[in-house]
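Work through the two exercises below with the sequence and the model at hand. Each task is followed by its solution.

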Amino acid sequence: MPHQPRSAQPGQETPGPETDHATPLQLSVDRTSPVPLYFQLAQQLEAAIERGRLAPGSLLGNEIELAGRLGLSRPTVRQAIQSLVDKGLLVRRRGVGTQVVHSQVKRPLELSSLYDDLEAAGQRPATRVLRNTVQPATAEVAAALGVPEGAEVRLIERLRYAHDEPMAYLRNHLPIGLFDCDTARLETTGLYRMMRSAGITLHSARQTVGARAATAEEAERLTEPSGAPLLTMERTTFDDTGRAVEFGSHIYRASRYSFEFQLLVRP
């Protein structure tokens, strides 16, 4: 009979992929579970990536090696790996192997800044300010901020990075004279932090989330192929007096970014 891969018993841990700076990762599969084995493996690898147990740049080894380590068939391991490649968590590199890339940023839909969310997730945020200027308000911006069309407003354009990779292109319009929008500070902290330090109390926001294809210019800025899917967000933020203090129009790399919703059942 041909040799069959060693099978892990339900709940039994088997040595898994190794990271560069940690002990071998322990994985387990439950063959009595109705959950497919490939999905069990993919879920555990994804959790290890998100929690930092599999660091960016770690090599998983080839499929034959992994199948032998985990007591699974090669097609099962291949399916698990491919599902994470499709999610953008792993990448196959010729001559190198299957490698961990940075985990996708999952951002809760709440009134918080991208900078704060990235920092809380250990993603090392950084910012490059592209423009910080004053210009006449378009009809859309004027309606959002509650100012006359053509009135002067401040425009701030930024690229937000995580682990030195571009994550989002941010356009924010603010009323003139709201606070000191110093470019140097904008490159070291988040916009909402600057507002709060200036005594502005953020209270609520009206927000719309969508998706579309990247233009050539947007794709170049975000290191994505032209036409790649992008997530979009428009948000008008209000302070505790009901005044509109910011209108943001942002785009995010769908390959590296997602929004999380919490849904409640209506009584």
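**Exercise 1: a helix pair**

Describe how helix H1 (residues 37–50) and helix H3 (residues 74–86) pack.

Solution. The axes of H1 and H3 lie 8 Å apart and make an angle of about 45°. Axes are lines fitted to C-alpha atoms, for helices over the stretch in contact, with angles from 0 to 180 degrees between N-to-C directions. H1 and H3 are therefore oblique to each other; angles under 35 degrees count as roughly parallel, over 145 as roughly antiparallel, 65 to 115 as roughly perpendicular, and the rest as oblique. On the H1 side the contact (heavy atoms within 4.5 Å) involves Leu37, Tyr38, Leu41, Ala42, Leu45 and Glu46, and on the H3 side Thr76, Val77, Gln79, Ala80, Ser83 and Leu84.

The model is predicted: local features need pLDDT of at least 70, side-chain atom pairs count only at pLDDT 80 or more, and totals for chains, interfaces and linings use all residues. Residues are numbered from 1 along each chain as its sequence is written, and side-chain values use heavy atoms, leaving out hydrogens and water.

**Exercise 2: a sheet**

State the strand order of the open sheet and find its edge strands.

Solution. The order of the 6 strands is E6-E7-E8-E11-E10-E9, with antiparallel pairing; two strands pair if DSSP finds at least two bridges between them. Helices (H or I, at least four residues) and strands (E, at least two) are DSSP runs, numbered from the N terminus. Strand E6 (125–136) and strand E9 (202–213) each pair on one side only and are the edge strands. Within the sheet, strand E8 (residues 165–175) is joined to strand E11 (residues 244–253) by 6 bridges. Ala168 stands opposite Tyr252 in E11.
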